[in-house]
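Student: Can you walk me through this one? I'm new to it.

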There are 2 protein chains.
Amino acid sequence: MRRYPHAELHARPLTFVSNTATFGRIRIESTRTMTLDPVLAHIDADLPRATERLLELLRIPSISTDPAYKGDCDTAADWLVADLLSIGFNASKRPTRGHPMVVAHSGGEGPHLLFYGHYDVQPVDPLNLWDRDPFDPQIEDTDNGRVIRGRGAADDKGQLMTFIEACRAWKSVHGTLPANISLFFEGEEESGSPSLVPFMQENAKELTADIALICDTGLYGENTPAIITQLRGLLGEEITITGPDKDLHSGMYGGIAMNPARVLAKIIAALHDDDGRITVPDFYNGVPELSNDLAAAWANLHFDAKAFLGKVDLSEPAGEKGRSPLEMIWSRPTCEVNGIWSGYTGDGFKTVLPSRAHAKISFRLVGQQDPHEIRNNFRKMVQDMVPVDCDVQFHGHGASAASQMTTTHPAFDRARKALSDEWPHPAAYVGAGGSIPIAGHFKDILNMDAMLIGFGKDDDAIHSPNEKYDLSSFHKGMRSWARILDAISK
Amino acid sequence: MRRYPHAELHARPLTFVSNTATFGRIRIESTRTMTLDPVLAHIDADLPRATERLLELLRIPSISTDPAYKGDCDTAADWLVADLLSIGFNASKRPTRGHPMVVAHSGGEGPHLLFYGHYDVQPVDPLNLWDRDPFDPQIEDTDNGRVIRGRGAADDKGQLMTFIEACRAWKSVHGTLPANISLFFEGEEESGSPSLVPFMQENAKELTADIALICDTGLYGENTPAIITQLRGLLGEEITITGPDKDLHSGMYGGIAMNPARVLAKIIAALHDDDGRITVPDFYNGVPELSNDLAAAWANLHFDAKAFLGKVDLSEPAGEKGRSPLEMIWSRPTCEVNGIWSGYTGDGFKTVLPSRAHAKISFRLVGQQDPHEIRNNFRKMVQDMVPVDCDVQFHGHGASAASQMTTTHPAFDRARKALSDEWPHPAAYVGAGGSIPIAGHFKDILNMDAMLIGFGKDDDAIHSPNEKYDLSSFHKGMRSWARILDAISK
């Protein structure tokens, strides 16, 4: 999941279309008689059983990035196939070079909708910071209500189940779905989605629908649902600096031998200048300046940076000088160190001069920044900083450009109204700082628009210890999808 | 073990004393009739059994720095006590707040000698680079002769057993030892020796002898034994930078939140200037310039830096500009990164913005550098570089000044002659780049001189994967000690 709770109210003027209009390739069924209210009532009554189903899925430790959990990813895919078969979908597990995809089709009448989610989860380290076994999920009472605690609760198993449960409720009440629904789940979202593009290319016909729905994002505020309309891109790089051919004794070689940990530190320190700008050559090519309209809209949001940072024990924006906090999060590119390691990292002390030093570094991209060009320039910059007797190896971890949704597609407005019916506050069109490459792929490969709607919250601790998903997010998420299916199928 | 194979031929003029002189507190026994030759013959004949005993000790994984191996350190101490009791020593395990000491006394006539060694070993990671289980040692045939392969083979179990086996041989042949011998083994040498000084202070009377013997160093060359006369000091520091109070999602917070891994990289990068000099304020206070005599002596050694570095796949000295390779290793202080870690370090990728970043950093000290003053200045420098919203914590890992032996003690010259009788080339007085704080402690706490003699080799890979000890080092080491005991007891 890549979630963006503090996203901007989008400045694009909204266009409203008539409920009777035909939009895109969606054929409007004038004979539909199914009603929404009993579906919502069924969801309310079935909540305990829906929760049990989610807990079952959460018990499968489907960590995609760690090869040790390969079998568990497979098990999670099997679980989804079985669950979808049980509610009448034509579902199957589809092999890839990595973890399998799950594809399912309902067939039937109405517009063709393709729902996307991912069944893989983030690693759980540092394990000692969890209050419980990450894969022994539980419902907990907290000061802010009941939560489902466990790895994947919010990212993305809880969210994808909101859609499946909405379909289950429609089927239970009416025996059929209001639309022709396909589901598409991947198991590599948390590890760069290496199989995604080839699979979409090879199965383009099967996966193409009228519009894509994605549930891997968050609410805008506690009671304000959101539809994401722009996302940052993501470029991941792993570098390994090698000096001596083995770990050396720092008494014997210290002072004369090159230390790759020092070389790595120097490289990382050089990636930002004193103003917090990224120093990779030509990095800012294609980065747009904030328009006056957007700047005015963001100023009107009265974003409380102190409160946002205070939640994680920080107090001051630490990004580029001269940029507002919202720009830092939403519209400026970044370069972050996600991990570094070298030498002895255990308890106590070891006077070793390490042979190798490693870093995982990622860039968030905006506007027209070209991830491939940036990768090349980054590698050349690093290569130029590596001294004699050191060698550098690069390993790429995915590269996706920023993306921008077509909010003029009429489904956007209908979904926004449906969400506004469910929640206390009207739904907002927002942009955000994270990356969901799939949204761009739907456009580029399948020529489909994608609508990103999710129910996560700020404090869900996704990618962190003690991840949770509010039971209210799960419940109102199901109800929201039931409403959206109704609205965009009419 | 801290070993210094490429150490300097010491420039101090050598003084030769008569064999009949009384030196220090050593009372010369004129009635001694025991002969050396049958002792050496016994060592030769007993080599297979001596090797078996060493392998038994090497099978105990006494890694002192890792709390998981606490029980194994205890087992290694028990093993030594049992072995020493079996050859007539009054031996006992002595508790400390950390791992136990082993102290043993032979009693009897002759000068009182205290032998020191350590039974603890370095950690074994990265384990995947070992060709065999580090704690399933084995004799291997190599192109350079037979070696004992396993963690601790050279550092220091193999070396300390050379002395015990020499004692065993004297006892077997003559029923007694040529001197009044005490043994003192610690189990925390590889983890900063936290219990050593208090134990020496509390047991000063029991441990004080006429001279200390230490076997934890190396040969000067393939066939040239060495007595170490000067050592660098060692200061270890661990720093932890904390930013946000938990790991964050780099899409949600990247660009606005402080990243402690970047802060750490900046600090490490700032520890050396462009000329390779260390930037800690006042760091070079007490660092002596090389005397003309010593500079001339070193130039005469024709040290082959290319060959020395070539063994570990390096080609150029990477230390302070304007310093010779030998200065870099022997007479200049250093600052090295021994370990760094932060964020996600597993397989694959995790777009985390880490909460914490850690480094283990050590300094080798020379001349009159004050480790405590340097620790304070280092901490202040780091503290000053830590930005708003980050916090730094320090953990000290031992602090010892450089030390200088009193080579005018007559035992030095007798030992040098005894070593020269055993080896193809005469023994050399050498200095070195590592640190053996115990040598300074013997002087400071017990007012004893210490003589450091060892039989390790350049390629023993101590502190690295695939550590070994040449069978010839083990064999000739035992014979050397048998000769030294004879020589300094006459």
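Tutor: We'll take the two chains together, then a strand.
Tutor: This is a predicted model: local features need pLDDT of at least 70, side-chain atom pairs count only at pLDDT 80 or more, and totals for chains, interfaces and linings use all residues. Residues are numbered from 1 along each chain as its sequence is written, with chains lettered from A and ligands numbered from 1 in the order in which they are written.

Student: What turn lays chain B on chain A?
Tutor: A turn of 180°, with a shift of 0.0 Å along the axis and an RMSD of 0.0 Å. That is the relation of a two-fold axis. The fit is by least squares on C-alpha atoms of residues with pLDDT of at least 70 in both copies.

Student: How many residues of chain B are in contact with chain A?
Tutor: 81 residues of chain B, with 81 of chain A. Contact means C-beta atoms, placed from the backbone, within 7 Å.

Student: Which strand gives the most on chain B's side?
Tutor: S11(B), with nine residues.

Student: And how does S11(B) pair with S11 of chain A?
Tutor: In the antiparallel sense, over five bridges. Strands are DSSP E runs of at least two residues, numbered from the N terminus, and two strands pair if DSSP finds at least two bridges between them. Gly343(A) stands opposite Gly339(B).

Student: New topic. Which strand pairs with S8 (residues 226–231) of chain A?
Tutor: S16(A), in the parallel sense over four bridges. Ile228(A) stands opposite Val430(A) there.

Methods. Two residues are in contact if their C-beta atoms, placed from the backbone, lie within 7 Å.
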